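Student: I am new to this structure and would like a close look at one part of it. Could you take a single helix, go through it with care, and then show me some of the strands elsewhere in the chain?

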Amino acid sequence: MSSIQRVLTAVIFCVITGSVSIGLSAPAAAQGAQAGEAVPLRQVLVQGNQRVEADTVLSYLLLQPGVPVDARSVNLSIQTLFATGLFSDVRVENRGDVVIIYVQENPIINRVILEGNRAVDDDAINEEIQAQPRAIFTRARVQADVQRIIEVYRRSGRFAAQVTPRIVELPQNRVDLVFEISEGPVTGVRRVNFIGNESYSDRELRRELVTVESRWWRFFSTNDNYDPDRLEYDRELLRQFYQNRGYADFRVVSAVAELTPDQEDFYITFTLDEGDIYTFGDITVETELPDIDPERLVGFLPVRTGALFQGELIEESVDTLNFAVGATGYAFVNIVPDISRNREDRTVDVVFEIEEGPRVYIERIDVVGNTRTLDHVIRRELELVEGDAFNRSLIDRSQSRVRRLGFFEEVEITEVQGSSPDRARLQVAVTEQPTGELAFGAGFSSTDAFLVDLSISERNLRGRGQFLRFRIAASSRREQVDIRFTEPRFLDRNLAAGVDIFSVRSDFVSEASFETQSTGFSLRAGFPTTRSTNLGLQYTLRTDDVVVFAGANQSLRNQAGSRVTSVANFTLRWDRVDNPIEPSRGFRAEISQSFAGIGGDVRFVSTEITASVYRPLFWNFVGSLNMNSGFIMGWGGDNVRINDRFFRGGNSFRGFEVAGIGPRVVVRDPVTGDLRGGDALGGRFYAIGTAEMSFPLPLPEQYGVRGSLFTDFGTLGLLDDEDLIDEVTGQAFTTDDLSLRVSAGLSIFWDSPFGPVRFDLAEALVNETYDRTEFFRFSTRTGF
């Protein structure tokens with residue numbers, strides 16, 4: 001590059017960045033130049049330079065021997081030298097035909113020292129700042145680094161952080177740069193408020209947000225720190241929440257974060273405009289593509305005229321149309337939903353316009369930011385590969401699939417122009433997050449008394465996306481040790497496979513005078529069959545040792561001994577609820593079957609079916625109906641052992657103790673004729689239903705308390721004939737009548753600081769005299 005080109009480049013840089021500055025001697029230099037402008041320069045000298053070569057300084061100047069000096073060339077030369085960032089001062093002295101350039105070089109940074117940072121380590125800060133050892137020191141860069149450090153602390157929730165730069169001068173024009181950091185307290189979220197919400201309570205809306213209020217027990221959470229980026233994401237979550245419930249006009253008017261006077265917390269206030277509830281009006285498809293029947297496409301859409309408006313159904317409809325049109329041979333189409341609101345009758349008309357789009361193909365897919373996770377773990381979640389047609393819906397779906405892995409804080413897929421107009425490159429940018437976990441839980445319940453649970457898990461083993469967990473759990477009734485490993489993409493297919501090794505001891509002394517010890521392993525596999533259904537397969541080989549205590553009846557003594565059980569199982573799940581934790585709409589269904597007898601000593605066939613339906617009732621009340629049933633039978637001459645039978649009660653049938661219903665060893669009272677219950681024997685068949693209505697309690701929402709009214713009804717029984725003991729006067733015998741039991745009551749759920757707590761108050765309305773009932777039950781579990 002010639003000297004003229006370097007000068008012009010530096011001048012353009014100065015104009016763009018606005019960093020034009022003139023040395024203190026510039027006016028004097030200009031006057032000197034005017035005095036001798038008719039005299040051509042004989043020599044240009046450089047003084048004051050220590051590290052920078054004189055020739056390098058001269059290459060930036062417009063002042064050249066043989067050329068007269070003028071004010072313009074002097075000023076531009078000074079500006080150019082300042083723009084290099086190499087000098088803190090520049091002076092020009094004109095001595096007729098000789099010009100002397102006096103320069104003072106910027107110092108070199110010897111060390112960058114961070115003081116006072118405890119919450120953020122040195123590496124996290126050094127990655128953000130530009131100041132580095134042996135770099136050139138400038139005050140502008142230091143001030144920019146101060147802002148970068150403050151931004152690092154803001155991202156970690158410390159908005160009161162202050163940074164003061166200090167310079168320690170050293171010999172040979174070197175300096176130590178010291179950043180003195182006052183971190184300040186963690187700036188949490190003291191309260192999240194909502195204004196304008198009439199249909200949903202503050203508590204319901206808070207559950208939809210990523211941001212949570214700061215509480216002392218959330219010391220492992222970072223979502224209770226104020227983050228402006230997270231606040232924008234919360235706005236979008238609120239919009240999705242309302243639009244999926246019919247509020248087509250909903251908007252977040254404002255989201256304001258106010259810092260408290262002590263600068264320790266924020267008050268966040270969302271101002272909402274809910275609008276009215278809409279239903280779908282006319283649903284039509286318009287296209288000029290040949291061989292496409294718009295009326296037939298309407299039948300494939302998940303939206304229906306008269307149904308409640310849901311924004312996500314429009315997105316699903318676009319995906320459905322993309323698939324349907326693509327199946328007819330049109331891989332490149334643009335589908336634009338034209339939404340029009342009829343405010344008078346509160347309906348939303350949707351016209352899906354289908355046009356053939358330009359043909360664009362994916363040239364390359366780049367994955368960046370994955371410092372630990374292997375590339376192929378991310379790529380296998382993408383629904384596109386190099387060479388595929390560009391498809392926006394598949395890109396969005398791929399981004400969601402990568403997010404669901406749970407390995408990354410942020411996932412973003414952006415498209416970049418390829419080597420030609422019909423080519424595009426995709427960049428998958430991810431930000432890693434910790435995936436290992438050490439958890440210790442402890443608790444107390446009326447069923448198991450004390451509970452202790454210790455587990456070590458890694459969700460992304462060696463960056464391969466594998467899951468590994470070692471767990472030890474103990475209570476007064478149960479001791480368990482297990483190791484679980486899962487490969488989510490076995491043989492690089494959409495097939496999850498895993499293995500479990502376990503040892504479980506269960507104590508049933510208080511219910512049936514026996515205990516069991518099971519040791520073995522399981523092989524698992526699972527894969528999605530549709531977008532809402534999943535099929536799981538499992539094989540288990542275990543040794544079951546049943547120990548019956550002295551004094552037990554003959555029916556139980558027949559169960560004692562050790563057996564090897566070899567059982568294969570499949571489970572088919574269908575899930576269409578709106579919220580996996582607290583559903584208010586939709587249904588779930590599951591069927592599971594087990595076949596034992598492929599080797600081993602035990603032979604049986606077991607089937608269990610569960611179905612649940614959820615519907616909103618009024619205000620914030622939600623009604624649900626749950627039905628579950630199971631049946632097990634032996635084959636090949638085998639009876640069903642007691643450890644394979646069904647036991648119900650406690651949490652599975654409120655109002656009755658654990659194993660409180662079903663077949664039992666009883667004794668008839670010789671005076672009253674009533675039956676007195678003894679050991680529970682379990683049953684081969686059960687059918688239990690629950691009708692429940694959940695509702696918020698009239699307490700401050702921050703307490704996290706809600707309730708439900710319920711009724712449980714069902715039966716349990718059907719022993720094998722060999723396990724029945726006929727009644728003999730004065731002796732114990734078995735009863736197995738499949739009689740109906742009914743209970744009703746109230747449940748209270750509390751999200752306490754120690755973990756979720758559940759209280760059940762239930763009364764057995766229909767029961768047998770030998771059943772074991774209970775009116776009150778509570779359970780809790782927490783981690784620390």
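Tutor: What follows looks at one helix and its surroundings, and then turns to some strands. Please keep in mind throughout that this is a predicted model.

Helix H6 runs over residues 139-155 and so has 17 residues. From its first C-alpha to its last, H6 reaches 25 Å, which is close to the 24 Å expected at 1.5 Å a residue. Buried residues here are those under 20% relative accessible area, and in H6 they are Val142, Asp145, Val146, Ile149, Ile150, Val152 and Tyr153. Because these residues cover an arc of only 155° around the axis, they lie on the same side of H6. A general point about helices helps in reading such a list: an α-helix has 3.6 residues a turn, so residues three or four places apart point the same way. On the other side of H6, by contrast, Ala140 and Gln147 are exposed.

The buried residues of H6 also have identifiable neighbours, since they pack against helix H5 (122-126), strand S5 (162-170) and strand S6 (174-182). After H6 comes Gly157, whose phi is positive, near 90°.

For the strands, begin with an open sheet of three strands, which has the order S10-S12-S11 and mixed pairing. Its edge strands are S10 (279-287) and S11 (333-342), each of which pairs on one side only. Neighbouring strands of this sheet are turned by 20° against each other on average, with direction ignored. Within the sheet, S11 and strand S12 (residues 347-356) pair in the antiparallel sense over 10 bridges, and Ile335 stands opposite Ile354 in S12.

Further along the chain, strand S21 (residues 514-528) and strand S22 (residues 533-548) run antiparallel and are joined by 15 bridges. A hairpin of four residues leads from S21 to S22, and Ser522 has Thr540 in S22 as its bridge partner. S22 is in turn joined by 14 bridges to strand S23 (residues 561-575), and these two strands also run antiparallel; here the bridge partner of Thr543 is Val564 in S23. As a general background to these pairings, strands of a sheet pair through backbone hydrogen bonds, either parallel or antiparallel.

To return to the helix you asked about, H6 carries its buried residues on the same side, where they pack against H5, S5 and S6, while Ala140 and Gln147 are exposed on the other side.

Notes: Residues numbered from 1 in each chain as written. Predicted model: local features only at pLDDT ≥ 70, side-chain atom pairs only at ≥ 80, totals over all residues. Heavy atoms only, no water. Pairing = 2+ DSSP bridges. Axes fitted to C-alpha atoms, helices over the stretch in contact; angles between N-to-C directions. Expected span 1.5 Å × (residues − 1). Buried < 20%, exposed > 50% of the residue type's maximum accessible area, 1.4 Å probe, protein only. Arc of directions from axis to C-beta. Contact = heavy atoms within 4.5 Å.
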